[in-house]
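Colleague: Can you walk me through this one? I'd like to start with the cysteines.

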Amino acid sequence: LSLLDRRGKFKRLAPLRLILLAVLLFRTGCVLLPFYGLYLADGVHLGGATITTVVACFGLGGLVADFVMPAMVSRLSPGRTIMVALALQAVTLLIAAFALDPFTLFLLTAAWGFCYEMVNPTCFALIAQAVDKDSEKVAFAALRLYINAGMGIGPIIGSMIYALEMPFLL
């Protein structure tokens, strides 16, 4: 492909800018599980077994989402599913910042995992619907790039926040 052809393909991704930005921000925040464990130890003063169980609830929530997601997407549409998942995740994490009870943290962490798993596959479906076949390869590559960039940025931000001794921000 010539440079002109490549630029044309990237220009066709312009309508996806918002979803790509949302994915970047979403993935930046979701790589915080190790720091969440530190917060639970230092901020909430939970023991190792309880922290392990709380963090494992993230995976359990994601597993439940894998079973529920197809029905939810068919009822709400991919775009609305993403918006609902992001809004619920924000509310869940805000409440979790003030929760001290392990059972509450189990439930909130499972809800966080549920919301997390709802976004990624739905983004792929939304992009597949939004671009033509010629642009799919570039669109999916851009999505993977934003996912990976977020996963790289998240730990950097998390470690800086933790180093500044402000674990409540995690």
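Modeller: Cys115 is buried (under 20% relative accessible area, 1.4 Å probe, protein chains only), because its relative accessibility is 3%. This is a predicted model, where local features need pLDDT of at least 70, side-chain atom pairs count only at pLDDT 80 or more, and totals for chains, interfaces and linings use all residues. Residues are numbered from 1 along each chain as its sequence is written, and side-chain values use heavy atoms, with hydrogens and water left out.

Colleague: And Cys57, buried or exposed?

Modeller: Cys57 is buried, at 12% relative accessibility.

Colleague: How many disulfides does the search find?

Modeller: Zero in the whole structure, taking a disulfide as a pair of cysteine sulfur atoms within 2.5 Å.

Colleague: OK, backbone next. What is odd about the phi of His45?

Modeller: The phi is positive, about 65°, though His45 is not a glycine. Most residues other than glycine have a negative phi. His45 sits in the loop between helix H3 (33-42) and H4; helices here are DSSP runs (H or I, at least four residues), numbered from the N terminus.

Colleague: Is His45 buried or exposed?

Modeller: Exposed (over 50%), since its relative accessible area is 64%.

Colleague: Which residue lies in the loop between H4 and H5 with a positive phi?

Modeller: Ser77 is in that loop, with phi near 90°. Ser77 is partly exposed (between 20% and 50%), at 31% relative accessibility.

Colleague: Which way does H4 pass H5?

Modeller: In a right-handed crossing, meaning the near helix is turned clockwise from the far one by less than a right angle. Met72, Val73 and Leu76 of H4 contact Pro78, Arg80, Thr81 and Val84 of H5, with heavy atoms within 4.5 Å.

Note on methods. Helix = DSSP H or I, 4+ residues; strand = E, 2+ residues; numbered from the N terminus.
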